[in-house]
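Thanks for coming. I will go through the aromatic contacts in one structure, so please have a look at it first.

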Amino acid sequence: MKAQPYQPAEENLKSRQEFRNSRFGIFLHWGVYSMLATGEWTMTNNNLNYKEYAKLAGGFYPAKFDAARWVSAIKASGAKYICFTTRHHDGFSMFHTKYSDYNIVDATPFKRDVLKELADECHKQGIRLHLYYSHIDWYREDAPWGRTGRGTGRPNPKGDWNSYYQFMNNQLTELLTNYGEIGAIWFDGWWDQDQNPDFDWQLPGQYAMIHRLQPACLVGNNHHQVPFEGEDIQIFERDLPGENRAGLSGQDVSSLPLETCETMNGMWGYKITDQNYKSAKTLIHYLVKAAGKDANLLMNIGPQPDGELPAVALERLAEVGEWMKVYGETIYGTRGGCVAPHPWGVTTQKGNKLYVHILELQDKALFLPLEGKKVKKAVGYADRLPVKFRKCEGGVMLYLPEVPTDIDKVIELDVE
């Protein structure tokens with residue numbers, strides 16, 4: 001019997017809309033790997049033995065973790081949701097699970113369910129919570145080997161798929177039952193079996209289970225392919241939709257809500273030597289360009305092993321927040337504008353308002369290809385001062401009082 005094609009529930013369609021309108025989220029990559037301070041792939045990169053690596057948990061004590069401070073700082077940045085790594089490829093569960101004692105409550109002296117504290121705080125402060133969940137596991141003996149995690153000393157390359165699949169579904173059930181409303185499950189690791197084309201991840205059953213437990217919960221998968229049946233959003237890694245500079249995003253852009261994830265410095269998990277943080281200007285430009293391509297930006301922070309967010313990351317959150325206080329209206333609830341992205345910048349649109357985001361312009365005049373549309377009015381978004389414009393062949397010419405030097409000079413047009 002052929003499975004019925006996926007029909008998203010009414011709540012799911014509403015949730016997609018809310019997701020699209022939110023435009024900006026914060027990714028948190030946190031696990032026992034933060035203690036080694038060399039990023040979240042250390043276990044496989046250095047072929048660390050799985051039993052030795054697991055001993056890290058015995059010393060994991062993030063004494064400075066304070067969910068309220070995290071969520072407040074993230075909320076003040078203008079971000080509308082958080083995506084938290086509940087279990088990364090190293091197999092350590094950052095929540096209290098009864099299906100493995102290798103988790104933050106049972107295996108560490110900290111004994112606190114950080115996900116529960118984070119979830120409670122998100123619900124309290126009105127921030128949506130998304131949960132990252134790895135399809136691969138370099139620690140469990142029943143997890144089948146893919147192209148990563150081959151040197152961690154596990155005895156059986158074949159694993160036991162049925163046992164592992166059941167384990168994942170048990171954990172996903174816990175995540176969708178014990179932590180209140182969850183905005184999305186964000187899968188990662190499908191690509192680990194890309195050299196075994198016959199490998200079946202049995203995603204339809206897993207996706208259906210998620211939608212059954214929480215119909216409004218969105219399913220996304222960072223598989224670098226066009227979306228599969230049962231997925232509600234399309235994810236891009238380190239690339240704006242339609243671009244493939246990082247080599248991970250050659251897939252076509254679908255009509256689903258879009259999200260691109262990017263690091264604040266160079267690494268996802270905490271790395272002590274990586275102080276190469278992007279400037280506030282670069283991060284704001286990335287957020288604006290994502291919105292101009294009708295996508296959300298999920299911006300990553302790797303919390304420290306002591307449970308604090310790095311000082312520079314907090315600084316960037318505050319700087320982006322200041323900008324969003326003024327310009328958030330030109331980002332939230334908008335769609336990619338009717339003028340396609342150009343080297344000078346992008347446009348976003350809400351109803352008959354077209355927001356022209358000028359990011360790089362060396363001139364005082366700007367041509368907008370708005371053929372067939374009528375511009376009734378043009379003003380500087382922040383100062384509300386009129387901007388001169390005239391209709392010309394193929395569109396409209398804007399005349400600015402000076403060459404823009406703002407991080408993003410936004411001109412608001414009334415268009416019909």
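Why are W323 and Y327 separated by about one helical turn? Both belong to helix α9, which covers residues 311-327, and they are four residues apart there, so about one turn of helix lies between them. Before going on, a reminder that this is a predicted model.

Next, burial. W323 has a relative accessibility of 8%, so it counts as buried, the cut-off being under 20%. Y327 comes out at 11%, and therefore counts as buried too.

Now the wider picture. Searching the whole structure gives 28 aromatic pairs. One of them joins F27 and Y132, with ring centres 6.1 Å apart and 50 degrees between the planes, which is a tilted arrangement. That pair connects distant parts of the chain: F27 sits in strand β1, residues 24-28, and Y132 in strand β3, residues 128-134, with the two positions 105 residues apart. F27 and Y132 are both buried. Back to the helix for the geometry: W323 and Y327 form a stacked pair, at 4.9 Å centre to centre and with 25 degrees between the planes.

Some rings join up further. W161, Y164, Y165, F167, F199 and W201 are linked by ring pairs into a cluster. F167 also has a charged neighbour: R140 lies over its face, 3.6 Å from the ring centre.

Which ring does the charged end of K80 sit over? That would be Y332, with a distance of 4.5 Å to the ring centre.

That is the list; I can take questions now.

Note on methods:
Residues are numbered from 1 along each chain as its sequence is written. This is a predicted model: local features need pLDDT of at least 70, side-chain atom pairs count only at pLDDT 80 or more; totals for chains, interfaces and linings use all residues. Side-chain values use heavy atoms; hydrogens and water are left out. Rings of Phe, Tyr and Trp (its six-membered ring) pair if their centres lie within 6.5 Å; planes under 30 degrees apart count as stacked, over 60 as edge-to-face and the rest as tilted. Buried means under 20% relative accessible area, exposed over 50%, partly exposed in between (1.4 Å probe, protein chains only). A charge sits over a ring if NZ of Lys or CZ of Arg is within 6 Å of the ring centre and within 35 degrees of the ring normal.
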